[in-house]
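Let's take a walk through this structure together, going from sheets to helices. Keep the 3D view open as you read, and turn it whenever a new element comes up.

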Amino acid sequence: MKKLFNSLGLWSLCVVTTLQAQEFKLNPSSGYFQNHGVDVMAFDDIYPEGHQSGLSIIMHGNRIATNGDIRFEPTPGQWQPVPKQRERQLDQDANAIVVRLSYPDSSRHLQGFNPMIYPDFAFNYTVTVRGEGASIVVMVDLDRPVPAEFAGKLGFNLELFPGALFGKPWIMDHKQGIFPQQPNGPTQAQQENYPRTGNFNPGGKADRERLSGHHRGFNPILADDIVAEPYAVGHRFVLRPDDPLSRFTIESEGTQLKLYDGRMNHNNGWFVVRSDLREGMTKGALKWTITPSVVREWKYPAVIQTSQIGYHPSQPKVAIIEIDRRETTLDIPRLYRITESGETEVFADAGKEWGQFLRYQYLKFDFSGVGAEGLYRVRYGASQSGIFRISPDIYDRGVWQPVLEYFLPVQMCHMRVNEKYRVWHDLCHEDDAIMAPLNYNHIDGYSQGSSSLTSWKPGDIVKGLNRGGWHDAGDFDLRVESQAGETYILALACEAFGVDYDATAIDQHKLIAEIHQPDGKNDILQQIEHGALSVVGAYRSLGRLYRGIICNDLRQYVLLGDAGAMTDGIIGNEDDRWVFTENNPMRELTTAAELAAASRVLRGFNDTLSIQSLEVAEALLKAADVTERAKSARIHAAVELFLSTGEKEYRDFILSEVGYISANISRVGWFVGRAEKALKDAGFTKAILEALPQYRSQLEQQSAETPYGVPYRPRIWGAGWDIQRLGYEYYFLHASWPEIFAPDIVFNALNFILGCHPGSNTASFASGIGAKSAIPGYGLNRADWSYIPGGVVSGTALIRPDFPELLEFPYLWQQVEYVLGGGSSHYMFLVLAAKQILNK
């Protein structure tokens, strides 16, 4: 072992000494309270709909509680009103964080990506979070008292992560209980907020009656009329009295605590501790004292991050070891080979100190020199990695194939999908689709303008939309960028790697897919065909691209289970999905590029569809508005059309934009590189080659931001998809100019997805792939806590400001959602790219 006599180690020692004296102390650098292994954050984060905001408690490496804030419902869901945060201040003298917020957020009232319905009570409030010795005191002050009609409706909620609590105990005053695996009755009825809707945004285009399902039965946006009866009511609540690493106490002054089960009215709900705000009061409308158990000697156990699959003998092999920032000594990492007689140490090295990233310090253990085939694991002190292989056939079976074998077939829309005895889903959405109403703000980001931009009128049945396409994640909608984008990535994979794999029968006449029933046809071509059928078929029906096709009702949108149950399959009634249109030159031109590529690989497989794809691509390029913002997309379309046709007009256009291309090489280089040699223009080549070194330097700087060799910059969703896309685009830079771009980012991006990423959960983001993988996943079967093999989740998210987290919980879309248009297909592409590079 060795000492760390660096600035980080000295700072850590100072912090430990300080905290021992002052208990919960506001750290001006991190902006949150720290007390040894317990951190309390206040309004650092920005996503209450995703259980990621307000007051949060991280205890000994795990986020235990979150979303501490005022809400209008005891157990709110995704569409319930959230406040607008106005100001957040750190008061070092008072050892406090002071946050000013207000209701409503008018910009979200009947408007936006997830439109909400705000009750008719506008007020401002202040939440003060103060460290007092071993406790955190939470005070709420209002600028006006709660009116009588909202008495009992406004309260301070703190949500508890259910995945860590099933079967675990709680105590409320003199009552005890165990957190149940499923929500249990009885329920209780209460007055709902809907009849008292405010008029905060007259320009909001969402239809309140339609959002509420015309007030007929359950609807997620009205889920405050029936809630679970509290498991307990009292003034002192203790979470996990059995576990000093998770135990904390809440004491409420002047108002009762209530323990609710939020899963009763939202399947994705959490447990909630709540106190109603005191009636008639403004100052001190709520006071809680939260006292977490602090295990002073606890340190974050070292986490060893490796690929959950393993490595090719010729591949760089670096384990990343994540260590408590307060740790002042380092152990020696050791590599062990596992044989039939046990473990044998084969390599040891002190490793290379990388420094601090997020809240941890990092050590890199490079064992690239080990190439013997076998089973291995890395040990570091008391920690160990998962078991992985080193083998020349590491990527040959069960690594990229599940994307084609399972994920894409399961996501197929307008099909019945079988797997031997199992039906993944029945034939679905045969009644697609009805033209959406005008000037309408729908859900999930869909909004129709003042015209359908077609000859179809709102309410018309648009034929030709019920073939092809894949459901996007668990939402079942078809967005043009995900449909065309998925088709494109598969087409480029087919071209670059010559993929020829048959494990599935797909019958476009009978509309049945049979998993693990080969039909003599290349699966990747059948999937490219399926994507093109949707995009091209819709264009031929509409005379333009669709923006997307989505259910028209919020109750349909939250469907968990069989896609065939969403609609009745009968064309022309109220359960039919809607089709939206838009004028979006960038999206139209990008789709043109994607269809042009699809047309190439479909030649000889489906010649009719190949010709139609090319025709649509050319029509889109000609019709799209010329805008500066869409110039990159126009060049992209021209590149793919040139590669598909060789026509002079596309070549001339590309050459005429050499100045723009050189100046924007970071945006367009990856696809221009595929055409550069075919253009056969020395001046063009010279200009591009002169621009590339600066871009390489930019990528090197970004890669150096983290110990993983790729930038990690999540906003709300985990950064896995962005990192995959970086690796996918970088492959083409390497393939086009290998003398300038080494293949390292391809390997680093792939390793990040396969388990070498920040945080204590080292699972592969690819479900069912690797010794440990992301299970459960946010797919159609998430209510069963299950997964879809080959689905790739968004991955480790950032709990602001510095806590990386990947929970094992099926309802956190920002961490474990599957997606079309890149998630799984980019992953598959990266595996095939690594395999190609290593086997050259």
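One thing to keep in mind from the start is that this is a predicted model.

A good place to begin is the open sheet of 4 strands, whose order is β35-β42-β41-β38 and whose pairing is mixed. Its edges are held by β35 (434–435) and β38 (478–479), each with a single partner strand, so one side of each has no neighbour in the sheet. Look at the β35 edge: here β35 runs parallel to β42 (residues 578–580), and the two are joined over 2 bridges. To find this pairing on screen, pick I434, which stands opposite W578 in β42.

Now turn to another sheet. This open one has 9 strands, in the order β7-β8-β9-β10-β21-β18-β17-β12-β13, and its pairing is antiparallel. At its edges you will find β7 (84–91) and β13 (175–178), each with a single partner strand, so one side of each is left without a neighbour in the sheet. From one strand to the next, the twist averages 15 degrees.

Within this sheet, β18 deserves a careful look. How many of the 5 residues of β18 (residues 248–252) are buried? The count is 4, so the strand is largely enclosed by the rest of the structure. Its pairing partners can be traced one by one. With β17 (residues 236–239), β18 pairs in the antiparallel sense over 4 bridges, and F237 has I250 of β18 as its bridge partner. With β21 (residues 286–292), β18 is again antiparallel, over 5 bridges; there S252 stands opposite W288 in β21. Elsewhere in the sheet, β9 (residues 123–132) and β10 (residues 135–142) form an antiparallel pair over 8 bridges, in which V127 has V140 of β10 as its bridge partner. As you follow these strands, it helps to remember that in a regular strand the side chains alternate between the two faces of the sheet.

Next come the helices. Two packed helices are described by the angle between their axes and the distance between the axes. Helix α4 (residues 480–497) packs on helix α5 (residues 523–542) at an angle of about 150 degrees, the axes being 9 Å apart. Angles over 145 degrees count as roughly antiparallel, and therefore α4 is roughly antiparallel to α5. Their crossing is left-handed. On the α4 side, the contact involves V480, Q483, A484, T487, L490, A491, A493 and C494, which meet I524, L525, Q527, I528, G531, A532 and V535 in α5. By class, these residues divide into 11 nonpolar, 4 polar and no charged.

One residue of α4 is worth selecting: T487. Is T487 buried or exposed? With a relative accessible area of 1%, T487 is buried. Leaving aside residues up to four places away in sequence, T487 touches W470, I528, G531, A532 and A598.

The last stop is a second helix pair. The axes of α15 (residues 744–753) and α17 (residues 823–838) come within 10 Å and cross at roughly 135 degrees, which means that α15 is oblique to α17. This crossing is left-handed. Here V746, F747, A749, L750 and I753 in α15 meet Y827, L830, V831, A833, A834, I837 and L838 in α17. The contact of α15 with α17 has 12 nonpolar residues, with no polar and no charged ones.

Terms used. Residues numbered from 1 in each chain as written. Predicted model: local features only at pLDDT ≥ 70, side-chain atom pairs only at ≥ 80, totals over all residues. Heavy atoms only, no water. Pairing = 2+ DSSP bridges. Axes fitted to C-alpha atoms, helices over the stretch in contact; angles between N-to-C directions. Parallel < 35°, antiparallel > 145°, perpendicular 65-115°, else oblique. Left-handed = near helix turned anticlockwise from the far one by under 90°. Contact = heavy atoms within 4.5 Å. Nonpolar A, V, L, I, M, F, W, Y, C, P; charged D, E, K, R; others polar. Buried < 20%, exposed > 50% of the residue type's maximum accessible area, 1.4 Å probe, protein only.
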